[in-house]
Amino acid sequence: MPENSVLTHAQLKTPKAAAIAGIAFSLLLLLILWLLRTSIPADPLEPGAWLTTDTRAITVALNLVPFASVAFIWFIGVLRDRLGQLEDRFFASVFFGSALLFLAMLFAAAAVIGAVMLVASVSEPNELISSTTFRFARAVSYIIMNVYAIKMAAVFMISTSTVVIRTGIAPRWIAFLGLLLAVILLIGSFFISWSVAVFPSWVFLISVYILIDNLRGNPLADGGATLT
């Protein structure tokens, strides 16, 4: 291999501490969910009285969404780097596609909520609250996040857990736990308001494992896993 190629490979090698991105995403998304759920009622058909109160917590949550999304994209890169040459095209497509769809829906829900708050800031809140536009926007943001985004998060967990089982890049118990939690998201996301917290919690768990494993210098961290 030419010397320039070796130097380029060394410069582009993923940092061993890159799994911190998954931890950052998990903590940021949990904080975002907590700020939104404690500020906005879970009922999508609620009258919207929260628009007339202090909305700073909601503003902070919406501003954190891009940072959480960037951390999640970095986390995806960490997983793909760990797989190395063992990355399967089918599972890679499902894994990557579901991740991007989750992020797109997260941004869409945040944009709808942000638009409602922006309109409320330049108009009479009581007029907006009683309007059909507000009720429609509120229902749209709820359905995007609590139905479709969570379902994509579940698909991401299923595909990632399947890859973990096939390649051994992480303990199998983490994969089986991911499959179990994904089923909970698929079935109960619409009925259990805090079920969305399952996703960042699982990402946190697998990120902590990868970070510790990388810092220990495990061969699997350099794409040395084998198919099972």
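**Entry 1: a residue to start from**

I began with Leu101, which is partly exposed at a relative accessible area of 42%, where buried means under 20% relative accessible area, exposed means over 50%, and partly exposed lies in between, with a 1.4 Å probe and protein chains only. I noted that this is a predicted model, in which local features need pLDDT of at least 70 and side-chain atom pairs count only at pLDDT 80 or more, while totals for chains, interfaces and linings use all residues. I also noted that residues are numbered from 1 along each chain as its sequence is written, and that side-chain values use heavy atoms, with hydrogens and water left out.

Leu101 has its place in helix 4, and I wrote down that helices (H or I, at least four residues) and strands (E, at least two) are DSSP runs, numbered from the N terminus. I then looked up a partner for Leu101 and found that Leu101 and Met152 are 51 residues apart in sequence, yet 6.6 Å apart in space, C-alpha to C-alpha.

**Entry 2: the chain as a whole**

I counted the secondary structure and got eight helices and zero strands, so that the pattern read along the sequence is α-α-α-α-α-α-α-α. Of the 228 residues in the chain, 44% are buried. I took contact to mean heavy atoms within 4.5 Å, and among the contacts in the chain with a separation of 6 or more, 83% come from residues 24 or more positions apart.

**Entry 3: more of helix 4**

I stayed with helix 4, which covers residues 89–122 and also holds Ser98. Is Ser98 buried or exposed? I found Ser98 buried, with a relative accessible area of 3%. Leaving aside neighbours within four places in sequence, Ser98 is in contact with Met152, Val155, Phe156 and Ser159.

Ala104 lies in helix 4 too, and at 45% relative accessibility I had to put Ala104 down as partly exposed. Between Ala104 and Ala149 I noted 45 residues in sequence and 8.3 Å in space, taken from C-alpha to C-alpha.

**Entry 4: helices 2 and 3**

I turned to Val65 in helix 3 (residues 56–83), which is buried, with a relative accessible area of 3%. Not counting residues up to four places away in sequence, Val65 touches Ile32, Leu106, Phe107 and Ala110. For one of these, Leu106, I also noted a C-alpha to C-alpha distance of 7.8 Å from Val65, with the two positions 41 residues apart in sequence.

Ala21 is found in helix 2 (residues 20–39) and counts as buried at 10% relative accessibility. I listed Ala71, Trp74 and Phe75 as the residues that Ala21 touches, again not counting residues up to four places away in sequence. Ala21 and Val78 are 57 residues apart in sequence and 8.4 Å apart in space, C-alpha to C-alpha.

**Entry 5: aromatic rings**

How many aromatic pairs does the structure hold? I found nine aromatic pairs, where rings of Phe, Tyr and Trp (its six-membered ring) pair if their centres lie within 6.5 Å, and planes under 30 degrees apart count as stacked, over 60 as edge-to-face and the rest as tilted. One of the pairs is Phe156 with Phe199, which is edge-to-face, at 5.9 Å centre to centre and 90° between the planes. This pair links distant parts of the chain, since Phe156 is in helix 6 (residues 132–167) and Phe199 is in helix 8 (residues 198–216), 43 residues apart. I checked the burial of both rings' residues: Phe156 is buried at 1% relative accessibility, and Phe199 is buried with a relative accessible area of 2%.

Ring pairs link Phe156 and Phe199 into a cluster with Phe25, Phe72, Phe75, Phe95 and Phe102.

I also looked at a charge over a ring (NZ of Lys or CZ of Arg within 6 Å of the ring centre and within 35 degrees of the ring normal). Arg80 lies over the face of Phe96, at 5.6 Å from the ring centre.

**Entry 6: helix 7 against helix 8**

Last, I looked up how helix 7 (residues 172–188) and helix 8 pack, and found an angle of about 170° with their axes 10 Å apart. Axes here are lines fitted to C-alpha atoms, for helices over the stretch in contact, and angles run from 0 to 180 degrees between N-to-C directions. Helix 7 is therefore roughly antiparallel to helix 8, because angles over 145 degrees count as roughly antiparallel, under 35 as roughly parallel, 65 to 115 as roughly perpendicular and the rest as oblique.

On the helix 7 side I listed Trp173, Ile174, Leu177, Gly178, Leu181 and Leu185, which meet Val198, Phe199, Trp202, Leu205, Ile206 and Tyr209 in helix 8. The residues of this contact divide into eleven nonpolar, one polar and no charged, where Ala, Val, Leu, Ile, Met, Phe, Trp, Tyr, Cys and Pro count as nonpolar, Asp, Glu, Lys and Arg as charged, and the others, Gly among them, as polar.
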